[in-house]
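Me: I would like to go through the labels on a structure one by one. Each label should be set against its cut-off.

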Amino acid sequence: MISTLPPAVIFIAGAVFVPIFRGRGKLLYLLALPVIAGMDLVYLPTGQSSATTFLDYSLIFCRVDRLSLAFGYVFVLIAFIGTIYSLHVKDNLQHMAALCYAGGALGVTFSGDLFSLYLFWEIMALASVVLLLARRTEDSRKAAFRYFMWHFFGGLCLLAGIILFVITRGTTEFNYIGLTDSASLMIFIGFCLNAAVFPFHAWLPDAYPRATVTGAVFMSALTTKSAVYILARTFPGNDILLWAGAFMTCFPIFYAVIVNDMRRVLAYSLINQVGFMVCGIGIGSQLAINGVVAHAFCHIIYKALLFMSTGAVLHMTGKIRGTDLGGLYKTMPFTAVCCMVGAASISAFPLFSGFVSKSLTVAAVAESHHVIVWFMLLFASAGVFHHAGIKVPFFVFFGHDSGIRSKEPPINMRIAMGMAAFICIFLGVYPAPLYQILPYPVDFHPYTAFHVVGMLQLLMFGALAFTMLILSGFYPAEQRAVNLDTDWFIRLPGRAFVRFCHKPLQAIAEVATGWAKSTVAAFKSAPSRSVEIEKRMDWIFHTLLVGLPERVSQVVQPLKTEKSELSWNVTYILIPFILLLLAILFVFK
Amino acid sequence: MPYLLLQTVLVPLAAAMVVMLTRSRKGFLFGGITIASLFYTMVLLVIAGFRLYTEGHIFEQYTLGPDVSLNLLADGLSLPVGLIINLICIALACYSLHYVEHRIDIIYPEADAHTRSLYFKRFFFLYLFFPAGFMGVAFSTNLIAVYLFLELLTIIPLYFIMAQFGYSDYITRYKVALMCLFWGVAGATLFLIGIVLGYTQIGSFEIADLPKLAGRPQTFWVALLILTGLATKLAIIPLHVWMPWVHAEHPTCIAGLLAIYANIAAYVAVRVLILPLTADMQVFSLPLMILAMVTMVYGGFLTLAQTDAKRFCACSTISQISYSVFGIAAMNQVGVQGGMFYFLSHILGKAILFSTAGILVYTVETRDMRQMGGLWQKMPLTAILWFAAALILSALPPTSGFVGKWFFFTGAFQKVQSNPFGLVLVVAAVLSTLITLIYTFLAGIRIFFGPLKSNPGDHPINDPPLTMSIPLFVLALIAFALGLFPQPILNLLGTAVASL
Amino acid sequence: MRPKKELTFLDSKKNQLRVRTYFYVSLVVLLIVDFFLHKHVHFSWENAPCFYAVYGFVACVSLIFVAKLLRLLVKRRENYYD
């Protein structure tokens with residue numbers, strides 16, 4: 001029945017037992033879970049396994065091939081690093097949510113059928129909402145609500161698409177879907193929302209800066225990349241994705257330049273990077289898919305590194321806005337270095353992991369001769385260096401001295417950052433292990449003189465532009481402001497709509513709360529009510545029934561004659577009994 | 001080996017005679033005789049099991065006179081039942097060694113050594129009738145024999161309560177004993193009327209001849225009567241009211257056996273009604289499933305409200321038995337397999353739970369669970385046993401309960417999947433599982449964790465002697481082993497229900 | 001944690017000038033090296049000398065310009081949505 005263990009189960013089931021452990025034991029347990037999942041992953045058999053049937057449809061929990069394995073490895077890896085990073089968190093709920101979240105992502109990666117995909121998709125959504133709520137500020141609560149609304153909408157689209165799909169095609173198994181009918185369109189929209197494809201992207205810069213310090217690490221890695229995986233499996237080669245991805249790489253960098261909250265910068269840059277991956281999916285060639293997977297792998301690590309270092313700053317100083325920070329390299333050199341490693345990686349500096357992965361995608365675009373897209377990607381690459389490679393480290397750690405002298409973050413955060421930084425540099429220098437897990441054979445050599453020099457030119461001259469603009473005072477200063485994005489269409493009208501519907505909505509909410517309360521009360525009172533029912537039934541059988549002969553004899557009493565009571569009573573009982581026996585024997589003959 | 005099955009029935013009886021006739025000061029000797037005889041029958045049953053795998057069913061016929069013969073049949077259905085019941089009897093006999101000593105201390109403190117050994121003797125004499133009766137019910141092929149063994153099983157516990165070893169004061173004991181008698185006899189009488197009615201139709205009391213009843217109009221009444229009789233034993237609403245009383249007032253060493261006594265009616269139902277008369281029973285399928293479902297949920301809620309440790313286990317039994325009934329009522333292959341497998345799992349888990357409750361009551365000297373707390377430090381082994389039983393009864397993997405539940409719910413779904421009723425089924429299923437989980441674990445947490453409450457008695461609190469806990473650990477291990485490797489038993493059950 | 005010594009490397013004007021000098025030098029080196037490279041290109045314009053350098057510079061400058069424009073369009077006060 002269930003022959004192999006899906007790694008998702010290890011995380012999700014493991015999350016349940018987190019509150020049992022305390023102190024050192026809890027730390028060990030939290031670290032053990034990704035390790036166990038990793039071991040499970042290594043021993044998973046390729047092909048489909050762990051399948052079961054449910055009402056004529058097959059549920060496949062382990063669909064293992066090179067594509068899903070690659071993503072599986074990096075998800076487990078980031079779960080491990082993220083767990084190390086969050087070891088200091090005392091809130092059990094965050095740990096459980098993060099574990100469920102990782103489990104959901106793994107479940108999505110290995111699901112072979114749409115039902116289990118949907119299940120894990122929703123687990124991811126719920127867990128990430130919990131991670132948002134865990135910050136427990138008014139701001140994050142509202143952001144969590146908006147995030148939930150976005151993902152609920154996406155989830156509904158996906159569900160509708162799945163239902164239509166299953167009805168029209170009669171099976172829940174899926175491999176390549178392709179945009180053919182309304183079912184696949186709905187599924188596509190559901191996937192695209194999680195991948196933050198324009199215009200369904202606004203939840204990302206809205207929610208990610210408001211997550212907890214440790215939650216953001218998980219969020220940056222899991223939702224979007226699992227969506228990338230699923231798009232790579234189901235809709236590769238779609239031209240829409242090619243253009244959508246190219247657009248996704250370009251527009252966030254403008255926003256990233258003018259945004260103040262450093263984690264929001266990283267969130268926009270996340271959209272930019274995912275755009276590369278979506279674009280690669282849109283091309284669909286072997287080189288492109290290789291690029292997508294490689295890029296996803298490296299991106300997860302270096303984006304987590306960036307979130308970790310900025311999160312460390314937030315954790316130690318309580319501030320995250322560019323206007324408030326600066327000059328932190330003086331007291332947090334290790335964090336600064338890690339941030340710079342992450343920045344170099346995301347910019348695709350040679351000797352860092354971004355260089356060996358992003359170029360696969362760009363090369364694939366060039367090979368397919370999409371000229372405009374290629375220019376857009378190149379523009380985006382320069383832009384990435386600008387806002388993530390330069391802006392984030394510069395305004396946080398260098399730039400004008402803000403006077404903050406905070407210490408380095410706790411040792412577990414440093415270890416996690418160090419691990420991620422090490423991986424970035426290691427893969428950048430020696431990409432062979434990465435290339436080995438890519439789905440298709442790799443015939444790409446990133447370290448050609450031309451490529452290195454070209455990239456360096458692109459980046460360094462972009463840096464020159466930055467320097468000159470800063471020195472000339474033309475660079476837009478960091479300002480405290482809110483920048484409008486497509487969520488304007490939802491938030492403002494949304495608010496007006498809510499005000500319009502306030503009264504009826506409130507009435508409905510009150511009715512629903514009333515129902516919920518009465519259901520809970522019903523359940524709470526059920527035990528005592530059943531005791532009363534039991535007493536009643538007990539009374540019926542043991543008092544009423546037992547008392548019947550008494551009552552009967554009381555009725556019969558006046559009828560007795562001088563003969564002793566006993567024999568008359570017995571006779572009166574025997575007569576009906578004999579009649580009954582006769583009835584049975586004769587009527588039913 | 002000849003007379004294999006006959007020995008399983010007769011050896012306990014013979015051992016009972018031996019116990020009666022032996023003079024000894026040492027009460028444990030009687031226990032030793034009991035355990036030895038039960039070990040012997042277990043070996044026999046294991047041998048029978050092997051023979052079953054190689055040869056198919058074992059049929060033994062002993063003619064006692066013209067027209068009267070005692071036939072015993074071991075097939076895929078009866079053998080696992082017999083084997084597991086035997087194991088539980090052994091475990092509970094070991095458990096009883098110390099437990100009876102304790103009861104005697106409490107009820108007859110002024111007794112001298114000779115009188116005490118007399119009580120031991122009486123206890124084990126009566127005890128041995130249980131395995132004999134269970135084996136008889138499991139292996140008989142004759143309806144009258146089944147009836148007689150069932151009646152035997154009703155009267156013996158009655159003696160236990162009324163005569164010597166029950167709880168409470170004399171008046172309550174008397175009433176509960178009478179209740180046990182009344183309900184047991186009522187159920188058995190309905191059963192008897194049903195089989196007599198069947199006899200008038202086909203002229204035979206053999207189970208193998210029952211399929212001849214198929215298709216006749218009176219079969220409905222036969223089935224209804226037999227089913228109602230069995231339902232009283234199975235404690236299905238509304239015929240369950242006796243169970244909380246009887247189970248709670250029994251000496252706990254027997255309580256596990258009483259759970260078997262109630263549950264074995266499920267086996268009888270399968271053997272006597274469902275297998276021979278499948279088509280005629282279909283009309284009862286849905287109502288029975290509904291009743292079982294109601295009992296599941298109702299029993300669960302009732303248990304949640306209990307504070308007396310023994311009534312707690314007793315009400316839990318009501319809920320758990322109806323799980324097996326639910327599976328059996330689906331009357332398809334998977335459902336019956338699951339129902340029977342869950343029956344076995346339940347009796348294992350319930351024996352452990354009841355016995356652990358008995359240990360608690362014995363040690364802390366109160367039956368009120370609210371007065372127990374923080375016992376983990378003093379009684380870790382007992383705590384482990386309780387939670388093992390909780391796992392088994394809540395049907396969590398990797399226990400046997402999970403396997404059984406998976407199967408019988410699959411069977412139930414297969415039955416109702418064309419029906420919108422299926423949705424209600426799902427909800428009730430999840431609900432009942434949750435309730436079981438809650439009440440077992442919540443009770444366990446309240447009893448074993450939290451602050452240590454002072455015990456009213458002056459008895460020092462520590463783990464029970466090993467002869468009480470080791471047999472229960474063995475039962476728990478068996479339940480877990482069955483959960484991990486259910487195939488042998490499932491295969492056996494499958495061959496028996498293949499006709500469905 | 002023990003108080004760490006502050007790094008004051010970039011506080012001095014001398015160091016800042018040093019960093020900038022190394023930077024400019026590396027830029028010139030990159031430009032020169034460009035002429036000695038063997039380029040295997042996908043598109044013909046990549047062959048142009050210092051193509052990437054020019055593109056990077058232009059891209060970043062235009063990026064800032066457009067960003068400033070965008071800010072004029074979309075900037076609102078901080079509590080706009082509340």
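What follows is a set of short exchanges on those labels.

Me: What kind of model is this, and how are residues, chains and atoms handled?

Reply: This is a predicted model: local features need pLDDT of at least 70, side-chain atom pairs count only at pLDDT 80 or more, and totals for chains, interfaces and linings use all residues. Residues are numbered from 1 along each chain as its sequence is written, chains are lettered from A and ligands numbered from 1 in the order in which they are written, and side-chain values use heavy atoms, with hydrogens and water left out.

Me: How many helices and strands does chain A have, and what makes a run count as one?

Reply: Chain A has 20 helices and three strands. Helices (H or I, at least four residues) and strands (E, at least two) are DSSP runs, numbered from the N terminus. Chain B has 18 helices and two strands. Chain C has two helices and one strand, in the order α-α-β from the N terminus.

Me: How much of each chain counts as buried?

Reply: Buried means under 20% relative accessible area, exposed over 50%, and partly exposed in between (1.4 Å probe, protein chains only). In chain A, 59% of the 589 residues are buried. In chain B, the share is 64% of 500 residues. In chain C, it is 30% of 82 residues.

Me: What is the accessible surface of each chain?

Reply: Areas come from the Shrake-Rupley method with a 1.4 Å probe; for residues, only the protein chains shown count as cover. Chain A exposes about 23,600 Å², with 71% from carbon and sulfur atoms. Chain B exposes about 17,200 Å², with 71% from carbon and sulfur atoms. For chain C the surface is about 5,800 Å², and carbon and sulfur atoms hold 68% of it.

Me: Why is A:His386 called buried, and what does A:His386 touch?

Reply: The relative accessible area of A:His386 is 0%. The limit for buried is under 20%, so the label holds for A:His386. A:His386 is in helix H15 (residues 371–397) of chain A. Contact means heavy atoms within 4.5 Å. Not counting residues up to four places away in sequence, A:His386 touches A:Lys391, A:Phe466, A:Tyr475, C:Cys60, C:Leu63 and C:Ile64.

Me: How many disulfides does a search of the whole structure find?

Reply: It finds zero over all chains. A disulfide is a pair of cysteine sulfur atoms within 2.5 Å. For A:Cys279, the nearest cysteine sulfur is that of A:Cys250, 9.4 Å away, so A:Cys279 is in no disulfide. For B:Cys313, the nearest is that of B:Cys315 at 9.5 Å, so B:Cys313 is in none either. A:Cys279 is buried, at 0% relative accessible area. B:Cys313 is buried too, at 0%.

Me: What makes B:Tyr95 and B:Tyr99 a stacked pair?

Reply: Rings of Phe, Tyr and Trp (its six-membered ring) pair if their centres lie within 6.5 Å; planes under 30 degrees apart count as stacked, over 60 as edge-to-face and the rest as tilted. The centres of B:Tyr95 and B:Tyr99 are 5.6 Å apart and their planes are at 20°, so the pair is stacked. Both lie in helix H3 (residues 78–107) of chain B, four residues apart, about one turn of the helix. B:Tyr95 is buried at 0% relative accessibility, and so is B:Tyr99, at 0%. Over all chains the count comes to 56 aromatic pairs.

Me: How do you know that A:Arg63 lies over the face of A:Phe174?

Reply: A charge sits over a ring if NZ of Lys or CZ of Arg is within 6 Å of the ring centre and within 35 degrees of the ring normal. A:Arg63 is at 4.8 Å from the ring centre of A:Phe174. In chain B, the charged end of B:Arg311 sits over the ring of B:Trp245, 4.9 Å from its centre.

Me: Why is A:Arg136 called exposed, and what is its phi?

Reply: The relative accessible area of A:Arg136 is 57%, and exposed means over 50%, so the label fits. Its phi is near 60°, a positive value in a residue other than glycine. Most residues other than glycine have a negative phi. A:Arg136 lies in the loop between helix H5 (114–133) and helix H6 (138–169) of chain A.
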